[in-house]
Amino acid sequence: MSTTPPRIWISNETPAQGEVVRIRAQIVHPMETGFRIDAAGQPMPENLLQGFQAHLDDDLLMEWQPETAISQNPYIEFTFAARRSGALRMVWTDQSGDIATVTREITVGG
Amino acid sequence: MLRRRTLLTSAPAIAIGMGLIGRNALAAPAALTSETVLLPRKGNAARIVICGGGWGGLTAARYLREELPDADVIVLERNPIFWSCPMSNKWLIDVVDTGFLAHDMIAPAQKYGYTTVQCEITAIERDRKIVRTSQGNVDYDFLILAGGIRNAYDAWFGEDLEAAEYTRTHFPSAYIPSAESLALKNKVRNFTGGTIVMTLPPPPHRCPPSPYERACVMAWHYKTNNIPAKIIILDPKPQVAPIGAGYRAAFEELYPDIITHVPNAKVKEVDPYNKRIMTEAGDFDFDEAVLMPPHQASDMVFHAGLIGTDAEGKPTGWADMDPLFFHARQDDSVYVIGDSMGAVSPHFGHYPKSAHVANYIGKIVAGYIGQRVRGEEVAMRLPDNLCYMMVNGDPQEAISVEFTYEMGADNQVHQTQIDIDVRTPDLMKEDFVWIDGMFNDFLR
Amino acid sequence: MTSFAEMRRRQLLLTGAALGAGLAAVAVPFPARAQISTIAEPQPDDAESDRLAAQFLDGQQPVNEGLVLELPALGDNPAAVPLRVHVTEAMTGDSFCEEIIVLASRNPLPLACRFRFTPMTGSADVAVRVRLIQSMKLRALARMSDGRVLQAKGEITVAAGGCGM
Ligand SMILES: Cc1cc2nc3c(=O)[nH]c(=O)nc-3n(C[C@H](O)[C@H](O)[C@H](O)COP(=O)(O)OP(=O)(O)OC[C@H]3O[C@@H](n4cnc5c(N)ncnc54)[C@H](O)[C@@H]3O)c2cc1C
């Protein structure tokens, strides 16, 4: 795996109560489909990002299951309504387990 | 000078075989005879002459000296300093200073052991293996054409050289290292308000993402200085590309009142005197403009008679070279590297015309020539590409695009493009790491 | 190694100097190079995509409003076509979007991805990049907590080239 950290952009880390916060996140990952054959004629093993979850503290905000159609270096953009402050925790998972976690504090009404 | 260059290349239909016209039109200074020899040969060593000391040329020079420690490597370059186009948009708003972009060309020549000559390349005689320059003639065993691009104003103005000259000086595109960069910077800084029109060249052109970057940094400057400016991007493409989503987000979120992107705006006619431009997406009046005409291979590729033709026999405007080994199809003692290169794959056309690719191909071709001179089999290599583009000034944020290449089972090169649309400060930092690595590679 | 002075002499003797020195090497057939191929095949028709849609609908009639699928005019980079799906109605504690799927009808595996939301999300608006093996129809389906399934359809032309699958 690459050591590049995920790229994160948050529209507002100190949103007003109820404000819709937009998150953009992108991670480096080969997203090998398992369909490809290498130069030596060997199949290249499937290596896909399997899941992405965003939590606010312990509450699940959203979950994403990428499949083979998702591009290399997967990009995800999502929104949530900021109802309370908390730690926004994003976790990426592939065959080898959790590969990246990013946490950002969201402070509502700040 | 301008007149001669324009004449040389203004009629693409007669482009092939222009070396002849070049020779006739050559007005040599009195002290030079047409056979003045610029540099003596160094014994039996292979002589490799590199035309153009930009990103591709200087990289090739360094790596040729490493491949072939005895080789006589000569770089011919018209400019007195190396001026980096990468980062030059950021320089418009003083994110970097002039010293960051301008580099001494003699120091790397001494460090790596090649020769640089400041001169204008005026003709190439492939039958005699001679390059003619404003300082005299240089003969070669291998020739590398690394001249970058030319601005094809003739595509807009035909034979009207006056309109081309007026446009070049009044609405400089600053896409080629030249006096235009500073002229543009002063224009950007002195602008007090109104409508600025920016035309994008049709693909393929030099550095496809950077016109949008330029629009962003200019918009940032006007926004932070409360200058009532509108920037209209006239794009011949149906949408912003590459990094379209990242740019669109920047336009809409950071500069909604300043930047307007107009798709499918192929230029039909330019009236620089009345500040008006007619496109397929409508007509636009402007107070100020950055007018980028279509791009073509540098003049020297025309001089060498190595411009390709398309299926209908029309000149492509780009070099006709082997897509994997980069030597001219008609003459394998001549290589073409960097932005002048023609198409390499039926799948995606040209390699991106970027400094990253020019540097990479410069290295690859140095390796190829090294292998040939040593009598080894030539082992094919493919490049990759990486570009960072600044979209926000505070905080400083960038987006980026990466390209990787593979040989397909169809024996053609395949490209994978990955846009990094999330604008972040770390991409900005990575850009500085990238350029520092590049400058270390061939300038320091 | 051939002396270059020697080569030059020989070249001068040649009439077509363009066929000069050291050229044999270039004529060598391509050396071993990385050649990657793929067994990915597009779906021949929309049947598999329709089957996945029917499974998601589970007997429901889809509602053709309230859900928007945004696609570019042209997929100029088939390896990363941006798409956005969003539910336009406001989310409340009782009525929110539970799940969205995106189907790319002609991809080898038409299910492109799945999203799940909770009452905490307070919106359902997502964007991703997909690789598309050819021009095709796309469809998004969103299941609401009250049992409705919203549907949005789109069609895209992609430029030829590698999609990286
Ligand atoms: C605003 C801008 C931003 C950019 N940003 C990036 C970026 O972030 N990353 C990236 O990878 N690329 C970027 N590029 C693209 C990059 O600058 C070019 O792709 C790169 O310079 C190509 O290298 P080259 O060697 O082909 O041409 P050049 O670097 O232009 O070198 C050609 C040289 O040949 C000389 N020459 C031409 N004709 C003659 C002649 N007849 N006689 C003597 N000398 C001659 C020229 O003076 C020049 O020095 C950017 C370009 C611009 C304009």
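**Exercise 1.** Find how many helices and strands chain A has in this predicted model.

*Solution.* Start with the helices: chain A has zero. Next, count the strands: there are eight. Then read from the N terminus: the order is β-β-β-β-β-β-β-β.

**Exercise 2.** Describe the extent of chain A and how much of the chain is buried.

*Solution.* Take the C-alpha trace along its principal axes: the spans are about 60 × 20 × 20 Å. Now turn to burial, where the cut-off is under 20% relative accessible area. Of 110 residues in chain A, 53% are buried. Finish with the surface: the accessible area is about 4400 Å², and carbon and sulfur atoms hold 46% of it.

**Exercise 3.** Work out what share of the contacts in chain A between residues at least 6 apart in sequence join residues at least 24 apart.

*Solution.* Set aside pairs that are not at least 6 apart in sequence. Of the contacts left, 57% join residues at least 24 apart.

**Exercise 4.** Compare the charged side chains of chain A.

*Solution.* Count each set: 8 are positive and 14 are negative. Then locate the centres of the two sets: they lie 7 Å apart.

**Exercise 5.** Identify what surrounds the ligand.

*Solution.* First, the shell: 36 residues, with B:Gly56, B:Glu77, B:Ile121, B:Arg206 and B:Asp339 the closest. Second, the elements: those of chain B that each supply at least two shell residues include helix H3 (55-67) and strand S23 (385-393). Third, the polar contacts. A polar side-chain atom of B:Glu77 sits 2.6 Å from a ligand oxygen. For a backbone N or O atom of B:Gly56, the distance to a ligand oxygen is 2.8 Å. Last, the cover: alone, the ligand exposes 1000 Å², and the protein buries 97% of that.

Technical notes. Residues numbered from 1 in each chain as written. Chains lettered and ligands numbered in written order. Predicted model: local features only at pLDDT ≥ 70, side-chain atom pairs only at ≥ 80, totals over all residues. Heavy atoms only, no water. Helix = DSSP H or I, 4+ residues; strand = E, 2+ residues; numbered from the N terminus. Buried < 20%, exposed > 50% of the residue type's maximum accessible area, 1.4 Å probe, protein only. Contact = heavy atoms within 4.5 Å. Areas by Shrake-Rupley, 256 points an atom, 1.4 Å probe, with all protein chains shown as cover. Lys, Arg positive; Asp, Glu negative; His and termini not counted. Charge placed at Lys NZ, Arg CZ, Asp CG, Glu CD. Near = heavy atom within 4 Å. Polar contact = N/O pair within 3.5 Å; in protein donor to acceptor, adjacent residues only side chain to side chain.
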